[in-house]
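Thanks for making time. Please look at the structure on the screen while I go through it.

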Amino acid sequence: ADGLLRLWKDEVERAQYPARFQGMARLEKECIELLAYDALIVNGLLQTEGYMRALLGMRRPPLTEETIDQRVTARLLRQSIFDRVPTPLLGFVMTEGVLRQRYGGKAVQRAQLEHLLLIGRRRHVEIQVMPLSSVENAGVNGPFSVATRKDGRKFVYSEAQGISRLESDPEMAALAAARYGIIRSQALSPR
């Protein structure tokens, strides 16, 4: 149909994400490397369905059940990045506090931790923890992600209080990637 069906498919796919996240969702699908630092919650790519539902259920003002279901479905679809061929390099650093939060209760926390252990066994995934006892953390400005495309161009995504920013300035992206490297060196090893 002269590309019309493909265009509609892309539009429908994009519509399942909040407008503020659509650019990052597109980058996730085409990146060769994705690095993420998280200080409040487990990164969406690493979340179990139970953890997702617990987080979305805590939103204020409350989300409708339909919106929660849509966002859970969309977030789960994003996790196909782990099985993509060729596989992108994926690095995640999170603070120890993220792992200690019992969002959704003890059973949800346990399932989430077990999921992290399984995902972390994949050869193209590295998960690290920034211990609470650390006296240095270059991530004090908050969570962010750095996505690198095939052409080598880097983008920085950050989000807080429902406001997000996708930065394409090469200097800002290079600084964020360097900051991630420092954070990574300050965190515990993946092992």
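The backbone oxygen of V42 sits 2.7 Å from a polar atom in the side chain of Q47. This is a predicted model, so please take that distance as a computed value. Q47 belongs to the loop that runs between β1 and α3. Is Q47 buried or exposed? Its relative accessibility is 1%, so Q47 counts as buried, the cut-off for buried being under 20%.

What is in contact with Q47, once its neighbours within four places in sequence are left aside? The list is I41, V42, M52, L55, R75, Q79, Q112 and H115. Two of those names, M52 and L55, come back when we turn to helix α3, where they are among the buried residues.

Helix α3 covers residues 49–57. Its buried residues are Y51, M52, A54, L55 and L56. What covers them includes α4, residues 65–78, and α6, residues 106–119.

Helix α3 also holds a charged pair. R53 makes a salt bridge with E49, and the closest N and O atoms are 3.1 Å apart. R53 and E49 are 4 residues apart in α3, which means a separation of about one helical turn. R53 has a relative accessible area of 31% and is partly exposed. E49, at 37%, is partly exposed as well.

Now to helix α6. R110 and E114 meet through their side chains in a salt bridge, at 3.2 Å from N to O. Both residues lie in α6, 4 residues apart, about one turn of the helix. Here R110 is exposed, with a relative accessible area of 57%, while E114 is partly exposed at 39%.

A further salt bridge joins R184 and E126, whose closest N and O atoms are 2.5 Å apart. Where do these two residues lie? R184 is in helix α7, residues 170–186, and E126 is in strand β3, so the pair ties together parts that are 58 residues apart in sequence. R184 is partly exposed, with a relative accessible area of 32%, and E126 is partly exposed at 31%. To finish the topic of charged pairs, E49, R53 and D69 are joined into one network by salt bridges that share partners. How many salt bridges does the structure hold? The count is 10.

E126 brings us to strand β3, and from there to the sheet. Of the 6 residues in β3, 5 are buried, so to speak of the strand as mostly covered is fair.

The sheet is open and has 6 strands, in the order β3-β2-β1-β4-β5-β6, with mixed pairing. Which strands stand at the edges? They are β3, residues 125–130, and β6, residues 163–167. Each has a single partner strand, so one side of each is left without a neighbour in the sheet. From one strand to the next, the twist averages 10 degrees.

As background, the strands of a sheet pair through backbone hydrogen bonds, and they do so either parallel or antiparallel. In this sheet, β1, residues 33–38, pairs with β2, residues 89–95, in the parallel sense over 6 bridges. Strands β2 and β3 also run parallel, and 6 bridges join them. M94 is a useful residue to follow across these strands. It stands opposite D38, and in β3 its bridge partner is V129.

Last, the chain as a whole. It contains 7 helices and 6 strands. Along the sequence they follow the pattern α-α-β-α-α-β-α-α-β-β-β-β-α. The radius of gyration is 17 Å, close to the 16 Å that the globule rule gives for 191 residues, so the chain is as compact as a globular protein of that length. The C-alpha trace spans about 60 × 40 × 30 Å along its principal axes.

What share of the 191 residues counts as buried? The figure is 39%. As for contacts in the chain with a separation of 6 or more, 70% of them are between residues 24 or more positions apart.

To return to the starting point, Q47 is a buried residue in the loop between β1 and α3, with a polar atom of its side chain 2.7 Å from the backbone oxygen of V42.

Methods
Residues are numbered from 1 along each chain as its sequence is written. This is a predicted model: local features need pLDDT of at least 70, side-chain atom pairs count only at pLDDT 80 or more; totals for chains, interfaces and linings use all residues. Side-chain values use heavy atoms; hydrogens and water are left out. Two strands pair if DSSP finds at least two bridges between them. Axes are lines fitted to C-alpha atoms, for helices over the stretch in contact, and angles run from 0 to 180 degrees between N-to-C directions. Buried means under 20% relative accessible area, exposed over 50%, partly exposed in between (1.4 Å probe, protein chains only). Contact means heavy atoms within 4.5 Å. A polar contact is a pair of N or O atoms within 3.5 Å; within protein, one must be able to donate a hydrogen and the other to accept it, and residues adjacent in sequence count only if both atoms are side-chain atoms. A salt bridge is a side-chain nitrogen of Lys or Arg within 4 Å of a carboxyl oxygen of Asp or Glu. The radius of gyration is taken over C-alpha atoms; the globule rule is 2.2 Å times the number of residues to the power 0.38.
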